[in-house]
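Work through the following exercises with the model at hand, and attempt each task before reading its solution.

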Amino acid sequence: MIAIKKMDDRIGKSFSNLRERKQAALICYMVAGFPDLKMSESIIKTMVRAGADMIEIGIPFSDPIADGPIIQEASQYALTHGIRPQQCVALAGAARKTFPDLPLIFMTYCNILFRSGFEDFMSKARDSGIDGFILPDMSIEESKEYIRISRDLGLASIFIVSPNTEDKRARRIMNASTGFLYAVSVYGVTGVRSTLYDRSIKRIVELRKKSNPFLPVAVGFGVQNPDHVSMMVEAGADAIIMGSAIINIIKTRENNPNMLDDLYDFVHRMKNACLH
């Protein structure tokens with residue numbers, strides 16, 4: 001774990017508080033509107049009460065290039081059932097009312113913002129209680145205006161770095177990132193994996209120390225059990241992002257009346273693995 005600089009924002013405060021308690025952050029991902037909006041609110045509440053430190057709300061998109069089949073299917077289901085970006089903003093607003101201090105992050109793709117206008121959509125998201133954005137298809141080379149708007153609105157611009165990102169480009173991404181850096185632990189798209197690469201995370205942590213030493217590193221893609229979490233924390237991760245494994249549990253809703261209980265138990269076990 002690194003020495004996190006104390007900040008006034010919810011993300012920064014959360015990392016500072018967790019560092020003092022010798023914990024890595026658990027960031028839990030869900031697709032807005034999957035399986036429906038009412039259940040989405042219950043899913044957020046369940047994950048937070050089980051120990052989630054931050055919530056990443058996925059805005060459904062028709063061509064989610066960074067997502068594997070599990071999240072793609074959930075996203076397509078939500079779109080087919082009429083979920084649109086404005087409803088995702090409303091979901092964030094409802095979560096903010098329930099959890100005033102909880103960091104909330106939107107994960108989606110550039111076209112969603114482009115359609116409404118980056119500044120307009122990001123302003124509405126900020127007003128609903130969103131703290132930052134993850135845009136997997138936002139390249140660092142084309143991010144100048146996005147970074148400016150994020151800075152002006154006080155939003156975190158969270159960029160992704162992968163195991164095969166060359167050092168020079170990785171440093172540039174780290175220097176542009178705010179809130180935290182999203183480090184991919186595997187090659188390819190999101191999804192459950194049997195193998196993770198702790199050496200990739202160790203490399204990213206070492207690079208981070210040379211470029212932006214106060215930037216937390218959050219590890220995602222493929223993390224699915226407590227052993228994975230422990231391994232990533234040991235490698236130097238400041239946060240763990242859970243996505244596909246959570247969506248897998250939610251998919252059982254129709255045939256499992258205890259889905260929320262199962263989700264609570266899973267998130268609680270993952271959070272326990274974040275303790276040092």
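**Exercise 1.** Find the bridge partner of Leu181 in β8, and then place the two strands within the sheet of this predicted model.

*Solution.* The bridge partner of Leu181 in β8 is Val217. This pair belongs to the connection between strand β7 (residues 181-184) and strand β8 (residues 217-220), which run parallel and are joined by 4 bridges. Widening the view, one finds an open sheet of 9 strands with parallel pairing, ordered β5-β4-β3-β2-β1-β9-β8-β7-β6. Its edges are formed by β5 (156-158) and β6 (160-161), each of which pairs on one side only.

**Exercise 2.** Determine which strands α4 touches where it packs on the sheet, and classify the packing of α4 against α6.

*Solution.* On the sheet, α4 touches β1 (25-31), β2 (54-58) and β3 (104-107), and its direction makes about 165 degrees with that of β3. Turning to the helix pair, α4 (residues 85-98) and α6 (residues 118-128) pack with their axes 8 Å apart and at an angle of about 25 degrees. Because angles under 35 degrees count as roughly parallel, α4 is roughly parallel to α6. The residues that meet are Pro85, Val89, Ala92, Gly93 and Arg96 in α4, and Phe121, Lys124 and Ser128 in α6. By class, this contact has 4 nonpolar, 2 polar and 2 charged residues.

**Exercise 3.** Decide whether Ala170 counts as buried or exposed, and list its contacts beyond its neighbours within four places in sequence.

*Solution.* Ala170 lies in helix α8 (residues 167-176). Its relative accessibility is 0%, so Ala170 counts as buried. With neighbours within four places in sequence left aside, Ala170 is in contact with Val161, Thr165 and Leu207.

How values were computed
Residues are numbered from 1 along each chain as its sequence is written. This is a predicted model: local features need pLDDT of at least 70, side-chain atom pairs count only at pLDDT 80 or more; totals for chains, interfaces and linings use all residues. Side-chain values use heavy atoms; hydrogens and water are left out. Axes are lines fitted to C-alpha atoms, for helices over the stretch in contact, and angles run from 0 to 180 degrees between N-to-C directions. Angles under 35 degrees count as roughly parallel, over 145 as roughly antiparallel, 65 to 115 as roughly perpendicular and the rest as oblique. Contact means heavy atoms within 4.5 Å. Ala, Val, Leu, Ile, Met, Phe, Trp, Tyr, Cys and Pro count as nonpolar, Asp, Glu, Lys and Arg as charged, and the others, Gly among them, as polar. Buried means under 20% relative accessible area, exposed over 50%, partly exposed in between (1.4 Å probe, protein chains only). Two strands pair if DSSP finds at least two bridges between them.
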